[in-house]
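User: Could you give me a close look at the charged pairs in this one, and then walk me from there into whatever they lead to?

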Amino acid sequence: MRVVLTGGCTGGHIYPALAIGDKFRERDPECEVVYIAHAHGMETTIVPAAGYDLKIVTADWVRRDKPIKMIKTLLNTLKGRREALRIIREFKPDVIMSTGSFVSVPAVLAGHAYGAKIFMHEQNGFPGVSNRAFAKYATKIFLGFESAREYFKEKDKIIYSGNPVRRDFYGRNRAEDRKAMEINDDSFVITVFGGSLGSGTTNKIGEALIREFGGREGYTVIFGTGKMYYENVCADLNAKGLADMPNVRVMPYIKDMPAFMSASDLVISRAGALSVAEVTMSGRAAIFVPSSNVTADHQYYNAKAVADNGGALIVRDTETAAPEVMELVRELDNDRDRIIRMEKASFELAPAQAADIIYDTIMESFR
């Protein structure tokens, strides 16, 4: 079996694709996999580090603001399709597995022209433009959330799988991960981050957490700022006398998310589909602050699925988000039994079988 993975720009598209690739390698050790993406996303570092061969093609955002920009997008997409078709003809894949974003468009178009079977995975409750636009080419469409079903015309192709997460999230031990990171076993560990790109709102929350718990015995704060914010956040913390706290770890990007999430008592984050899946797979209590800058408010509905089951709390992204989050943190700090109940409720929603469902469905299509 030969498989092309495609989708990228952010971790929310890349990591589900890698989880699917890992499942193919696990179930079929002779499977060959390549990843097609473009040269300016996070995939350029994440994909090779995961042990996959990365092929670069031209891709471009859909730009609606000016006709001249739409023409540029079209020309770049056609160029990327030609480049992807050359790669595909040489590799001869059986399957094109797309996790969406504009990065995936050249490979999907080329795969359709070549005649490979195309499968799509939609992570969010509201589908992205590329997956909706090219769903007609798909053999099956896998959903991370049931709420996305209504937005696809091709109802007979849809299968609910959940969002696949990397195998590194499975079966972790909190005590062992804390020991490896030199975090006391009895520390109350709070991890805050704003997704792979970071966010201004979660960074305000990170600063508030440092003000509250920095230097206090029995607490640890893990703060992922996002790469584009890191230098400014560090300079700001330094100017306010909040830098170099021994129990605070500030980093641009949390590379070993499985270990840090495992070590945490409480996770505070945006509610992108991948973050929600990883939180539940880790079985962690969470405070979600859904981004207000997403189509159809889909991050809120991602978070609501967990909150409705008792595994998370939701704070809206407003000017008062940081103080509201801090009030909830204090409440949970004073009610550790509630955190234990939230952890159990969170894990009940873990998409543990997602990658297996996707693999089995794809293989069934060849029988």
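Analyst: **Charged pairs and the parts around them**

K240 is partly exposed, with a relative accessible area of 38%. Its partner in a salt bridge is D236, and the closest N and O atoms of that pair are 3.0 Å apart. D236 is partly exposed as well, at 31% relative accessible area. Bear in mind that you're looking at a predicted model. In total, the structure holds 23 salt bridges, so let's pick out a couple of others.

Take E327 and R330, whose side chains meet in a salt bridge at 3.4 Å, N to O. Both residues sit in helix α12, which covers residues 321-333, and they are 3 residues apart, about one turn of the helix. E327 has 40% relative accessibility and counts as partly exposed; R330, at 30%, is partly exposed too.

Elsewhere, salt bridges with shared partners link K23, E26, R27, D356 and D360 into one network. Inside that group, K23 and D356 bring their side chains together at 3.3 Å, N to O. K23 belongs to helix α1 and D356 to helix α14, so this pair ties together parts that are 333 residues apart in sequence. Where the two pairs above are partly exposed, here the setting is another one: K23 is buried, and so is D356.

That takes us to helix α14 itself. It spans residues 354-364, and 8 of its 11 residues are buried, so the rest of the structure largely encloses it. D356 is one of the buried ones, along with A354, A355, I358, Y359, T361, I362 and M363. What sits on top of them? The cover includes helix α1 (11-27) and the strands β4, β5 (117-122), β6 (138-143) and β7 (158-160).

From β4 it's a short hop along the chain to T99, which lies in the loop between β4 (95-98) and α4 (105-114). T99 is buried, with 0% relative accessible area. A polar atom of its side chain lies 2.8 Å from the backbone oxygen of H13. Setting aside neighbours within four places in sequence, T99 touches T6, G7, H13, P16, A17, I20, H121, Q123 and N131.

There's another threonine with a backbone oxygen beside its side chain: T73, in helix α3 (residues 67-91). The backbone oxygen here is that of W61, 2.6 Å from a polar atom of the T73 side chain. T73 is buried at 7% relative accessible area. Helix α3 also holds L75, and that residue is exposed, with a relative accessible area of 54%. L75 is part of a nonpolar surface patch with I68, I71, L74 and L78, and together they have about 500 Å² of accessible area.

Back to strands for a moment. Strand β1 (residues 2-6) runs parallel to β2, and 5 bridges join them. V4 has V34 as its bridge partner in β2. Strand β2 (residues 32-37) is mostly covered, with 5 of its 6 residues buried.

One last stop is V289, in the loop between β12 (285-288) and α11 (298-307). V289 is buried, with a relative accessible area of 0%. Its C-alpha atom is 6.5 Å from that of A271, although the two are 18 residues apart along the chain. A271 is among the contacts of V289 beyond four places in sequence, which also include T201, I205, S269 and V325.

Definitions and conventions:
Residues are numbered from 1 along each chain as its sequence is written. This is a predicted model: local features need pLDDT of at least 70, side-chain atom pairs count only at pLDDT 80 or more; totals for chains, interfaces and linings use all residues. Side-chain values use heavy atoms; hydrogens and water are left out. Helices (H or I, at least four residues) and strands (E, at least two) are DSSP runs, numbered from the N terminus. Buried means under 20% relative accessible area, exposed over 50%, partly exposed in between (1.4 Å probe, protein chains only). A polar contact is a pair of N or O atoms within 3.5 Å; within protein, one must be able to donate a hydrogen and the other to accept it, and residues adjacent in sequence count only if both atoms are side-chain atoms. Contact means heavy atoms within 4.5 Å. Patches are made of residues with over 30% relative accessible area and no salt bridge: like charges are joined within 9 Å, nonpolar side chains (Val, Leu, Ile, Met, Phe, Trp, Tyr) within 5 Å. Accessible areas come from the Shrake-Rupley method with a 1.4 Å probe; for residues, only the protein chains shown count as cover. A salt bridge is a side-chain nitrogen of Lys or Arg within 4 Å of a carboxyl oxygen of Asp or Glu. Two strands pair if DSSP finds at least two bridges between them.
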